[in-house]
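Student: I have a new structure to read. Can we go through it step by step?

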Amino acid sequence: MTTVKVCSIGALALGLAIGTAHALEPPRGEGGWYAGGGARVLKLEGWQEGYGPLLLLGWKLPYEHADTPKSSIALEAELVGTTSSLSRRADEGREEADIRYGGVHLALNTFIGERFFYRVRLGAVGRELDVEGSTELQGRLVFGLGVGLRIGDRLDLLLDAQTQYWTFPDNLLNEAGITARWHF
């Protein structure tokens, strides 16, 4: 049921976003793919922050926006895991938790001028919440916003924040981070 909702929302967003777009071949020397790495700060409701790395792989759909040709719609897959655990006070001292997740997102990267852009993305993740030996698997929807800078022909720097949710205020995970993306 959740997959159907996410696919429907993604298809609607894609349809609205490409209203002034047309199909094209990928630019020479750029196959539409990008990979990235970065760092995340993760904050689960009721817990202190945890930190971890991010790996990202994206594919730009073969469309060009009529007004801003460098803008793109992309499918992104990412993996994140905490290397510094989240923590909170418990009855017998401190309790720690680790989070690992993988997700798929539909991202709209819109350029404002030659070098600056913003990103809006919607997706779904499967996450594993490990609280001192007790593991829980969860599925969540994701909404994120970010701003970026194109540093060279193939390199972007992106600052973003996103929220994972199912129902408000149930177990929200807020996160923020920085990612470098290399286009190839």
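**Fold, confidence and one arginine**

Tutor: This is a predicted model. Along the sequence, the protein runs α-β-β-β-β-β-β-β-β-β-β-β.

Student: How many helices and strands does the protein have?

Tutor: Start from the pattern, which opens with α and goes on with β. Counted up, the secondary structure is one helix and eleven strands.

Student: Which element has the lowest mean pLDDT?

Tutor: First take the whole protein: its mean pLDDT is 84, and 81% of its residues reach 70 or more. The start of the sequence is another matter, as pLDDT stays under 50 over residues 1–29. Among the elements, strand E3 (residues 50–60) has the highest mean, 97. The lowest, 38, belongs to residues 21–23, strand E1.

Student: Is arginine 121 buried or exposed?

Tutor: Place the residue first: arginine 121 lies in strand E8 (residues 116–131). Its relative accessible area is 1%. Buried means under 20%. Because 1% falls under that cut-off, arginine 121 is buried.

Student: Which side chain makes a polar contact with the side chain of arginine 121?

Tutor: Look at its contacts beyond four places in sequence: they include Leu56, Glu76, Glu78 and His105. The polar contact between side chains has a distance of 2.6 Å. The partner is glutamate 76.

Student: What share of the residues of the protein count as buried?

Tutor: The protein has 184 residues. Its accessible surface is about 10,000 Å², and 63% of that belongs to carbon and sulfur atoms. The share of residues that count as buried is 38%.

Conventions. Residues are numbered from 1 along each chain as its sequence is written. This is a predicted model: local features need pLDDT of at least 70, side-chain atom pairs count only at pLDDT 80 or more; totals for chains, interfaces and linings use all residues. Side-chain values use heavy atoms; hydrogens and water are left out. pLDDT is the predictor's confidence in each residue, from 0 to 100. Helices (H or I, at least four residues) and strands (E, at least two) are DSSP runs, numbered from the N terminus. Contact means heavy atoms within 4.5 Å. Buried means under 20% relative accessible area, exposed over 50%, partly exposed in between (1.4 Å probe, protein chains only). A polar contact is a pair of N or O atoms within 3.5 Å; within protein, one must be able to donate a hydrogen and the other to accept it, and residues adjacent in sequence count only if both atoms are side-chain atoms. Accessible areas come from the Shrake-Rupley method with a 1.4 Å probe; for residues, only the protein chains shown count as cover.
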